[in-house]
Amino acid sequence: MSKHATTSATNPTAESTVSHFLDVDDLTDDELAEVFSTAGELKVAHRAGKSHPVLANQTLAMLFEKPSTRTRVSFETGMTQLGGHAIYLGPDTTHLDHGEPVADTARALSRYVDAVMARVFDHDALEAMASHASVPVINGLSDDAHPCQTLADLFTIYEQFDGFEDVSVAWVGDGNNVAQSFAVGAAMAGLDLTMATPEGYEPAEGVLARADARGQAPEVVNDPEAAVEGADVVYTDVWVSMGEEDEREEKLGDFDGFQVSDDLLANAPEAAVMHCLPAHRGEEITGDVLESEQAIVWEQAENRMHTQKALIAHLLGE
């Protein structure tokens, strides 16, 4: 677990060590297994209509520099189900993007809330926030990583295959923030991962090194058909992320042949199909595939809430 020495909210002169979740390998293997076990219990309780207010009277601040559907709703609803409260802080509702340093925002919020989730552009801003916050900071998405999505992805695969043993996964598309977190998480889980990206869009070398340190780095290729051949899971994401709209036409050309379609899935006819959403139907995935029985994207989306609830409970020691 990522830890930073910070000033205690209750004793401003004392140093305390707080656990943060800025990327998936901030968890140990045992902590990852614990989060999945708790997520499973919370999911069963939720579907059975059983109350589970394990975070009664605790508050999560949610800082957003980017728009969101799943991240906001899953965190906010999850905190309600845990008996706590979530506060939405959008880009026009705080001083964070209007002159106040990240450090000042982090220190002030630490006096009010029990944890902070931030969805930002710059990963360095999260690092700065974690360095100055005396409560856990959770990465709700940054330009480098999307670890909460990876928790949901891995948990979905675990449910689908009753574990991770002998499960092969093909990532098809951009080596973006979602792909980078998933590469590391797959290594931690022991998944056999092959990543197919166009040349120049591979995950960062540093990410591959981190994956190798936690298990085995994925094989990275530039041929989607070769990556998908015989895979148990095929996973894709958008080619044009938020903030990259000016690169749209160039990317659509570069990613020609990387669409997850019936033709591509002929190389893995039994594969489960995943997508972190929102999907651009007709670009990285066809509408037919997204609506097919092979797609498990809606379970994947639901699992954002269950795994995040488990993560928050873990970070807050519940």
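## Exercises on a predicted model

Ser261 has a relative accessible area of 12%, which makes it a buried residue. Keep in mind that the model you're looking at is predicted.

### Exercise 1: Placing Ser261

Work out where Ser261 lies and what it is in contact with beyond its neighbours within four places in sequence.

*Solution.*
- Step 1: Find the loop. Ser261 lies between α9 (248-254) and α10 (262-265).
- Step 2: Look for contacts, skipping neighbours within four places in sequence. That leaves Thr286 and Val289.
- Step 3: Settle the burial. The cut-off for buried is under 20% relative accessible area, and Ser261 comes in at 12%, so it counts as buried.

### Exercise 2: Helix α1

Check whether the end-to-end distance of helix α1 agrees with its number of residues, then find what covers its buried residues.

*Solution.*
- Step 1: Count along the helix. α1 covers residues 29-47, which is 19 residues.
- Step 2: Get the expected span. The rule is 1.5 Å times one less than the number of residues, so α1 should span 27 Å.
- Step 3: Compare with the model. The end C-alpha atoms of α1 are 27 Å apart, so the two values agree.
- Step 4: List the buried residues. They are Glu31, Leu32, Val35, Phe36, Ala39, Leu42, Lys43 and Ala45. As background, residues three or four places apart in an α-helix point the same way, because there are 3.6 residues a turn.
- Step 5: Look at the cover. The elements over these buried residues include α5 (147-161), α6 (177-189) and α12 (297-315).
- Step 6: Zoom in on one of them. Ala45 sits in α1, and its 13% relative accessibility makes it buried. Setting aside neighbours within four places in sequence, Ala45 is in contact with Lys50 and His52.
- Step 7: Step off the end. Just after α1 comes Gly49, with a positive phi of about 75°.

### Exercise 3: The open sheet

What is the strand order in the open sheet of 4 strands, and which strands are at the edges?

*Solution.*
- Step 1: Read the order. It goes β4-β3-β5-β6, and the pairing is parallel.
- Step 2: Pick out the edges. β4 (85-89) and β6 (137-141) each pair on one side only, which makes them the edge strands. From one strand to the next, the twist averages 20°.
- Step 3: Look at the pairing of β5 with β3. Strand β3 (residues 59-64) and strand β5 (residues 115-119) run parallel and are joined by 5 bridges. In one of these pairs, Ala61 has Val116 in β5 as its bridge partner.
- Step 4: Turn to β6. β5 and β6 also pair in the parallel sense, with 4 bridges; Arg119 has Leu141 of β6 as its bridge partner.
- Step 5: See what lies across. Helix α4 (residues 123-132) crosses β3, β5 and β6, and runs at about 165° to β6.

### Exercise 4: The faces of β5

Sort the residues of β5 by the way they point, and decide how enclosed the strand is.

*Solution.*
- Step 1: Recall the rule. Side chains in a regular strand alternate between the two faces of the sheet.
- Step 2: Apply it. Ala115, Met117 and Arg119 point one way from β5, while Val116 and Ala118 point the other way.
- Step 3: Tally the burial. In β5, 5 of the 5 residues are buried, so the strand is largely enclosed by the rest of the structure.

### Exercise 5: Backbone oddities

Where do you find a cis peptide bond, and which residues other than glycine have a positive phi?

*Solution.*
- Step 1: Set the expectation. Most peptide bonds are trans, and most residues other than glycine have a negative phi.
- Step 2: Find the cis bond. It joins Leu277 and Pro278, with omega about 0°. Pro278 is in the loop between β11 (272-275) and α11 (287-290).
- Step 3: Check phi there. Leu277 isn't a glycine, yet its phi is positive, about 65°. Leu277 is buried, at 12% relative accessible area.
- Step 4: Add Asn57. Phi of Asn57 is positive too, near 70°. Asn57 belongs to the loop between α1 and β3, and its 75% relative accessibility makes it exposed.

### Exercise 6: The chain overall

Decide how the chain's radius of gyration fits with the globule rule.

*Solution.*
- Step 1: Take stock. The protein chain has 12 helices and 11 strands.
- Step 2: Compare. Its radius of gyration is 19 Å, close to the 20 Å from the globule rule for 318 residues, so the chain is as compact as a globular protein of that length.
- Step 3: Add burial. Buried residues account for 56% of the 318 residues.

Key:
Residues numbered from 1 in each chain as written. Predicted model: local features only at pLDDT ≥ 70, side-chain atom pairs only at ≥ 80, totals over all residues. Heavy atoms only, no water. Pairing = 2+ DSSP bridges. Helix = DSSP H or I, 4+ residues; strand = E, 2+ residues; numbered from the N terminus. Axes fitted to C-alpha atoms, helices over the stretch in contact; angles between N-to-C directions. Contact = heavy atoms within 4.5 Å. Rg over C-alpha atoms; globule rule 2.2 N^0.38 Å. Buried < 20%, exposed > 50% of the residue type's maximum accessible area, 1.4 Å probe, protein only.
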